[in-house]
Amino acid sequence: MKNWNETFRSLNVGLPDDVERLKAAGYYQEAIERIDAYLAEDWTVTQNSPRSQGAEPVGEELPQNPTPHGVEALRDAMLAQREMMRRIPAEYCYTEDEAVARMQGLVRDFTREEFRLLVKEGRVDWRFVEGEKHYLDRFAETLLATHADLAARQIDPPAPGTSAREFRNRQHEQMERDSQASARITLKTSVGMSDEAFAAALAEAKAEGRNSVHVRAWLPIPAACLSQSEIELLDCTEPPARIADENAPQRTVFWEADLTENRRFGVEYRYRTTAVYTDPMDIRPDAQQPTFDTGEEAPHIVFTPYLRALAHQLTDGITDPAEKAKRIYDYVTLNVRYHYQPAYFVQECLPDQCARNRRGDCGIMALTFITLCRLVGIPAQWQSGLSVSLTGVGCHDWAMFYIAPKGWMYADCSFGASMARQGDEKMRRHYFGSLDTGRMVANRVFEAPFDPPMTGFRSDPYDNQSGECEVDGVGLYGDALDTRKELVNYELL
């Protein structure tokens, strides 16, 4: 059975010119139709043979075409791009009128002219959809989170809560004093399909003569790593079919069932997390540094001409790997604005886009740091899972980098950029080398398969922070996929 997520490894192959132009203009349906035509094409008939001229061959037998169905890498790229284009319109769902109306419902005295200025300044993400500008579904959340004036003018501002910044500053002081800090965290998570999606899937199954839908579900759980220990699975909604090894690159608990009624799959777990304080600039690096984790990993960790030029500019003349890593961290945290992003599924070459457009979310900032580090010979890896605070749980990504003799250290460029916006240089520096105790690490490889693999298109083929669900071989995404996270206990040790 074909694993559709593997098609993304060919994403950088690109598209035929006519499809590329249609996609750029936002004519997604026409582009999809052209892809379908390309996938159905028989090159033996359409290319250089008598049949391509409408004539039957005569005389000698025709030579065998070595690529009768085209280049496999291009076919895979088109399969991935076709699914991307099916999803893009749901990500960019607001017209200008709708976007302005949404902001006017959130911010006092907001005007269309103000909106257009924000677009011109690059503060609002947009794409063409069927030839018309459409704006990202979470553009308003980005503006309120990163634009102080708009946040101050909110019609219904959020109630003040415990200051995460104060908590992290206190933890930084403890880590400086004691070299580390620890916590024991208990979380409860679940995944399932919406009632509407289940009803539609069951109706389709019954039309095919079946009385149930076959559901496969995966939830991320803590993996064994430098910062996590004492991992316990406390409870599951039902016995899982598989619990991945604690060293799995993307660790999950997995269920499989035939359902006649909709139900969720959930797990409660507890683990100990330890954050060690490290200042990379205090390290005396070895003369010889390792070369593992310094290569490209398509389609996103790739050394494009733009990234090569940027890496050279940032590190030219510098020999100390810690200073190189800091220059890269400074570039990302001081230049890249935080923006909520469309699903990674619909995006291409994330680090190159981030470096060019100077905007991204936590994962895109992390990938940019990783790619630039690898470009200059510094081993770098991905980590992701959850960010946990005393008030809640959210998805989060960050990076690791390696300098001998110290070993692996951390770079949380998203938190560092947030500290830069707040003018907190001490905490911006903290997240170059160190993290905090509010983490759950489930993933240590970007674009790794599950155990067992999910063969239908995932909601996110690269990362797994909230869980995935496959129904009768088709992966769920958007409103059809219902994921939940709940903090049960956060005990500082």
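Biologist: Let's start with Gly-192. Is Gly-192 buried or exposed, and how do I tell?

Modeller: This is a predicted model, so everything here is read from computed coordinates. The cut-off to keep in mind is that buried means under 20% relative accessible area. Gly-192 comes out at 2%, so it counts as buried.

Biologist: Where does Gly-192 sit in the fold?

Modeller: Look for strand E4, residues 180-193; Gly-192 is part of that strand.

Biologist: And which residues is Gly-192 in contact with, once its neighbours in sequence are set aside?

Modeller: Contact is a matter of heavy atoms within 4.5 Å. If you skip everything within four places in sequence, Gly-192 touches Arg-264, Ala-480, Leu-481 and Asp-482. There's also a pair to look at by C-alpha distance: Gly-192 and Arg-263 are 71 residues apart in sequence, yet their C-alpha atoms are 6.7 Å apart in space.

Biologist: How much of the chain's contacts come from residues 24 or more positions apart?

Modeller: Take the contacts with a separation of 6 or more: 74% of them join residues 24 or more positions apart.

Biologist: Okay, zooming out. What helices and strands should I expect, and what share of the residues is buried?

Modeller: You'll find 16 helices and 19 strands in the chain. Of its 493 residues, 53% are buried.

Biologist: How do I read the radius of gyration of the chain?

Modeller: You compare it with what a compact globule of that length would give. For 493 residues that is near 23 Å, and the chain has 25 Å, which agrees. For the outline, picture a box of roughly 85 × 60 × 55 Å along the principal axes, filled by the C-alpha atoms.

Biologist: What about the surface the chain exposes, and its charges?

Modeller: About 22500 Å² is exposed, with carbon and sulfur atoms supplying 47% of it. On the charge side, count 55 positive and 77 negative side chains; the centres of these two sets lie 5 Å apart.

Biologist: Now a single helix. How do I check the span of H12?

Modeller: Use the rise of 1.5 Å a residue. H12 covers residues 321-335, so its 15 residues should span 21 Å, and its end C-alpha atoms are indeed 21 Å apart.

Biologist: Why is H12 described as largely enclosed?

Modeller: Because 11 of its 15 residues are buried, the rest of the structure largely encloses it. Among the buried ones are Pro-321, Ile-328, Tyr-329, Tyr-331 and Val-332, and charged side chains such as Lys-324, Lys-326 and Asp-330 are in that list too.

Biologist: Which peptide bonds are cis?

Modeller: Read omega for that. One cis bond runs from Ala-298 to Pro-299, with omega near 15°. Pro-299 is in the loop between strand E9 (265-276) and helix H11 (305-315). Another joins Asp-451 and Pro-452, with omega about 0°. For Pro-452, look in the loop between strand E16 (439-443) and strand E17 (468-471).

Biologist: And where do I find a positive phi in a residue other than glycine?

Modeller: Try Asp-293, where phi is near 55°. Asp-293 belongs to the loop between E9 and H11, and at 26% relative accessible area it is partly exposed. Then there's Cys-349, with a positive phi of about 40°. Cys-349 lies in the loop between strand E10 (337-338) and helix H13 (350-357).

Biologist: Is Cys-349 buried or exposed?

Modeller: Buried: its relative accessible area is 13%.

Terms used
Residues are numbered from 1 along each chain as its sequence is written. This is a predicted model: local features need pLDDT of at least 70, side-chain atom pairs count only at pLDDT 80 or more; totals for chains, interfaces and linings use all residues. Side-chain values use heavy atoms; hydrogens and water are left out. Helices (H or I, at least four residues) and strands (E, at least two) are DSSP runs, numbered from the N terminus. The radius of gyration is taken over C-alpha atoms; the globule rule is 2.2 Å times the number of residues to the power 0.38. Buried means under 20% relative accessible area, exposed over 50%, partly exposed in between (1.4 Å probe, protein chains only). Accessible areas come from the Shrake-Rupley method with a 1.4 Å probe; for residues, only the protein chains shown count as cover. Lys and Arg count as positive and Asp and Glu as negative; His and the chain ends are not counted. The place of a charge is taken as NZ of Lys, CZ of Arg, CG of Asp or CD of Glu. The expected span of a helix is 1.5 Å times one less than its number of residues.
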